[in-house]
Amino acid sequence: MSPPIRSSQVLDLFATAYRESTAALAEFLVKYPELADALVEYAHQLNLQRECAGERSITPEDELWIEAQVSRISAARSAISDPFAAWQPSQYVEARKVLGVPAAVLIAFRDRLVNVASVPLPFLKHLAELLKVGMADLVIFLEGSPRLAANTSYKANAAPGAPAEKADFESILAQAGVPADKVSALLEEDI
Amino acid sequence: MVAVPQLTKTYPAGTPYRRMSEVEDEIVRVTELPFEDFLERARITNRSHPDFIRPETLMHFLRRTRSDNNEQRFNALFRMVLRRLILALPRSERVVGENTIVDGMASDLGDIVRGRFVELVTLDRAGGDRMDFYEVHFDEAVAKLRMRPAKQIRARTRRTEMLAGDPETGELPEYVERAAGSFDEPDDAFLFDPIFRKRLLQEIDRLKPEQKEVIIMLLANIQTHSDDPTVPTISRAIGRDAKTVWNRRRDAIAALRKALRLGENK
């Protein structure tokens with residue numbers, strides 16, 4: 001079985017070819033007919049981009065917006081908080097249903113066992129909404145080292161330790177027993 | 001000579017993403033600059049200025065801050081990159097006579113794209129190859145970011161004036177036929193006239209999706225149909241017969257001529 005086409009990469013390749021010649025659209029439509037809608041829409045956006053390039057200037061409102069973004073990310077980095085700290089069991093149950101993942105996946109996020117760079121943006125955004133925090137707050141929290149949950153008890157002679165390495169989202173999903181077709185859906189990035 | 005690290009993302013055939021040679025050369029040239037001098041140059045947004053730094057290069061240095069953990073440096077570069085993002089977005093307002101008209105759809109789209117870009121940068125800072133294409137072709141990457149929200153906004157704000165034909169006879173309203181310029185072969189020369197280009201592209205966004213795709217393919221010089229099975233055609237791309245394509249083309253051209261106020265004196 002051939003691997004699924006990674007549409008985002010095909011579109012990047014298309015954009016590079018379209019810079020050279022608009023004939024690339026016909027060529028890509030033949031090669032990737034299943035991506036026809038996306039290719040045609042992208043061609044339109046590229047035409048607009050080309051036509052409108054350089055017509056804007058930075059306004060005072062733009063400068064204010066830029067400063068607001070810089071401040072927001074700086075604030076998130078300087079005061080890292082645990083968005084899961086106040087989460088109640090009922091909220092885990094709700095999040096499991098909404099996100100369509102087993103509890104083990106949410107626990108992996110809570111304990112920062114997930115390599116955040118491997119998580120698709122739509123999933124992170126959804127989780128951040130459920131946690132009622134900004135995307136930046138969640139990402140910055142997840143960048144921290146893996147940890148042991150404070151309320152977990154262990155029966156062992158040696159002191160328990162957090163795993164040294166994080167795992168990719170795909171592997172966390174597989175370990176949690178998420179079926180392959182569902183894994184594919186959860187791994188989708190919106191282009 | 002400074003070696004510029006390669007991008008790690010790969011195209012479907014397995015070949016890695018590659019920056020333009022101009023970008024790689026520029027990265028090498030500006031790497032040795034004191035940071036303040038670099039920032040001074042990064043503020044230049046006029047592409048024809050000799051000290052202009054490409055947005056792809058700025059993206060490269062922004063992404064490099066992953067490893068230096070220097071907040072001030074990230075913030076300074078982030079400001080510069082956000083300026084380039086804004087400059088890469090189409091304007092949402094246009095001046096008509098003494099009035100400035102704000103296109104609500106373009107304005108909403110711009111806001112969403114800005115928000116998505118900030119989210120991507122936040123996540124990219126944690127690692128991964130998600131934003132590799134921004135170092136390859138920045139403007140094209142921004143254009144890609146507009147695709148999905150543009151589709152969603154268009155669906156919400158689709159023009160209410162429908163150019164549907166008479167449900168019983170299938171005939172178009174008379175004013176549409178007049179705007180189309182001809183009953184037999186719609187006059188589509190204006191599609192390729194640079195005078196109309198910018199307005200045309202904006203108006204294409206307001207067409208029905210099935211008309212829009214036909215016009216975009218026409219603009220890329222794709223034939224409507226062909227008996228030669230090896231020739232790419234609109235008909236094959238959308239899986240419809242030649243007559244359907246022709247009808248959509250006719251209706252789209254009529255709508256565009258009307259929007260551009262062409263043929264009003266006919």
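Two residues are in contact if their C-beta atoms, placed from the backbone, lie within 7 Å. The model is predicted: local features need pLDDT of at least 70 and side-chain atom pairs count only at pLDDT 80 or more, while totals for chains, interfaces and linings use all residues. Residues are numbered from 1 along each chain as its sequence is written, and chains are lettered from A and ligands numbered from 1 in the order in which they are written.

**Exercise 1. Determine how many residues each chain brings to the contact between chain A and chain B, and describe the side of chain B.**

Step 1. Chain A brings 51 residues to the contact, and chain B brings 48 residues.

Step 2. Assign the side of chain B to its helices; helices (H or I, at least four residues) and strands (E, at least two) are DSSP runs, numbered from the N terminus. At least two residues each come from H4 (71-88), H5 (104-124), H6 (132-136), H7 (138-157), H9 (197-204), H10 (209-219) and H11 (234-238) of chain B. With 9 residues, H7(B) gives the most to this side.

Step 3. Sort the residues by type: Ala, Val, Leu, Ile, Met, Phe, Trp, Tyr, Cys and Pro count as nonpolar, Asp, Glu, Lys and Arg as charged, and the others, Gly among them, as polar. The side of chain B that touches chain A holds 27 nonpolar, 15 charged and 6 polar residues.

**Exercise 2. Explain why H10(B) is described as largely enclosed by the rest of the structure.**

Step 1. Apply the burial cut-offs: a residue is buried if 20 or more other C-beta atoms lie within 10 Å of its own, exposed if 12 or fewer, and partly exposed in between, with C-beta atoms placed from the backbone.

Step 2. Because 8 of the 11 residues of H10(B) are buried, this helix is largely enclosed by the rest of the structure. The buried residues are B:Gln211, B:Lys212, B:Glu213, B:Val214, B:Ile215, B:Ile216, B:Met217 and B:Leu219.

Step 3. Identify the cover. It includes helix H2 (24-31) and helix H3 (36-52) of chain A, together with H9, H11 and helix H12 (242-259) of chain B.

Step 4. Inspect what comes after the helix. H10(B) is followed by B:Asn221, whose phi is positive, near 60°.

**Exercise 3. Describe how H1(B) and H3(B) pack.**

Step 1. Two packed helices are described by the angle between their axes and the distance between the axes. Axes are lines fitted to C-alpha atoms, for helices over the stretch in contact, and angles run from 0 to 180 degrees between N-to-C directions.

Step 2. Helix H1 (residues 21-31) and helix H3 (residues 55-68) of chain B have axes 9 Å apart and pack at an angle of about 55°. H1(B) is therefore oblique to H3(B); angles under 35 degrees count as roughly parallel, over 145 as roughly antiparallel, 65 to 115 as roughly perpendicular and the rest as oblique.

Step 3. The crossing of H1(B) and H3(B) is right-handed. A crossing is left-handed if the near helix is turned anticlockwise from the far one by less than a right angle, and right-handed if clockwise.

Step 4. H1(B) makes the contact through B:Val23, B:Glu26, B:Ile27 and B:Val30, and H3(B) through B:Glu56, B:Thr57 and B:His60. By type, the residues of this contact are 3 nonpolar, 2 polar and 2 charged.

**Exercise 4. Place A:Arg112 and B:Arg261, and classify the exposure of each residue.**

Step 1. A:Arg112 is not a glycine, yet has a positive phi of about 55°. This residue lies in the loop between helix H6 (103-110) and helix H7 (121-131) of chain A. A:Arg112 is buried, because 20 other C-beta atoms lie within 10 Å.

Step 2. B:Arg261 likewise is not a glycine and has a positive phi, of about 60°. B:Arg261 is in the segment after H12 of chain B. With 10 C-beta neighbours inside 10 Å, B:Arg261 counts as exposed.

**Exercise 5. Summarise the secondary structure and burial of each chain.**

Step 1. Chain A has 10 helices and 0 strands, and buried residues make up 31% of its 191 residues.

Step 2. Chain B has 12 helices and 2 strands, in the order α-α-α-α-β-β-α-α-α-α-α-α-α-α from the N terminus. Of the 266 residues in chain B, 34% are buried.
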